[in-house]
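The following exercises introduce the reader to a single protein model. Each task is followed by a worked solution.

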Amino acid sequence: MENNNITIQDVQNYIEGNANYLLDKIGLLPEEVKIQVEARKEICNKCSFAEWENNKIKKCSICLCKLPGKCYALDAHCPKDYWKEIKK
């Protein structure tokens, strides 16, 4: 089921997720957030709704969000409730 209704929250999550991904890559993501992000990524990696391309996780087939970027957005949650928002 494709949902083309992009909300402001979707845009905010996309920006935040990519910014936090970059912070992680340069070693500046807070450790407590990194632990929760890694737990989210592990859940997504095992999920039957994850879409893969060239042995890399690409997106969620339910919400169509890009992965692992969504895992880095603190206010994001899994549409199947496999994981929730990260408490700030």
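Helices and strands are here DSSP runs, of at least four residues (H or I) for a helix and at least two (E) for a strand, numbered from the N terminus. The model under study is a predicted one.

**Exercise 1. Determine how many helices and strands the protein has, and in what pattern they follow.**

Solution. Step one is the count: the secondary structure consists of 2 helices and 2 strands. Step two is the order, which along the sequence reads α-α-β-β. Step three concerns overall form: the radius of gyration is 12 Å, close to the 12 Å that the globule rule gives for 88 residues, so the protein is as compact as a globular protein of that length. The C-alpha atoms fill a box of roughly 35 × 30 × 25 Å along the principal axes.

**Exercise 2. Describe the largest nonpolar core and state which elements give two or more residues to it.**

Solution. The largest nonpolar core has 16 residues, and those touching the most other members are Val33, Val37, Cys44, Ile57, Leu67, Cys71 and Trp83. Two or more residues are given by helix 2 (31-46) and by strand 2 (56-60). Helix 2 supplies the largest share, 3 residues. To examine one member in detail, take Ile57: leaving aside residues up to four places away in sequence, Ile57 touches Cys44, Asn45, Ala50, Glu51, Trp52, Leu67 and Pro68.

**Exercise 3. Decide whether Asn20 is buried or exposed, and list what Asn20 touches.**

Solution. Asn20 is located in helix 1 (residues 8-25). A residue is buried when its relative accessible area is under 20%. The value for Asn20 is 10%, so Asn20 is buried. Beyond residues up to four places away in sequence, Asn20 touches Leu29, Tyr72 and Leu74.

**Exercise 4. Locate Gly69, classify its burial and state how far Gly69 lies from Tyr21.**

Solution. Gly69 belongs to the segment after strand 2. Its relative accessibility is 18%, and therefore Gly69 counts as buried. Gly69 and Tyr21 are 48 residues apart in sequence, while their C-alpha atoms are 6.6 Å apart in space.

**Exercise 5. Characterise the protein as a whole by its burial, contacts, surface and charges.**

Solution. Of the 88 residues, 28% are buried. Among contacts between residues at least 6 apart in sequence, 50% join residues at least 24 apart. The protein exposes about 6,300 Å², of which carbon and sulfur atoms supply 54%. Finally, there are 14 positive and 13 negative charges, and their mean positions are 3 Å apart.

Terms used. Residues are numbered from 1 along each chain as its sequence is written. This is a predicted model: local features need pLDDT of at least 70, side-chain atom pairs count only at pLDDT 80 or more; totals for chains, interfaces and linings use all residues. Side-chain values use heavy atoms; hydrogens and water are left out. A nonpolar core is a set of buried Ala, Val, Leu, Ile, Met, Phe, Trp, Tyr and Cys residues joined through side-chain atoms within 4.5 Å. Buried means under 20% relative accessible area, exposed over 50%, partly exposed in between (1.4 Å probe, protein chains only). Contact means heavy atoms within 4.5 Å. The radius of gyration is taken over C-alpha atoms; the globule rule is 2.2 Å times the number of residues to the power 0.38. Accessible areas come from the Shrake-Rupley method with a 1.4 Å probe; for residues, only the protein chains shown count as cover. Lys and Arg count as positive and Asp and Glu as negative; His and the chain ends are not counted. The place of a charge is taken as NZ of Lys, CZ of Arg, CG of Asp or CD of Glu.
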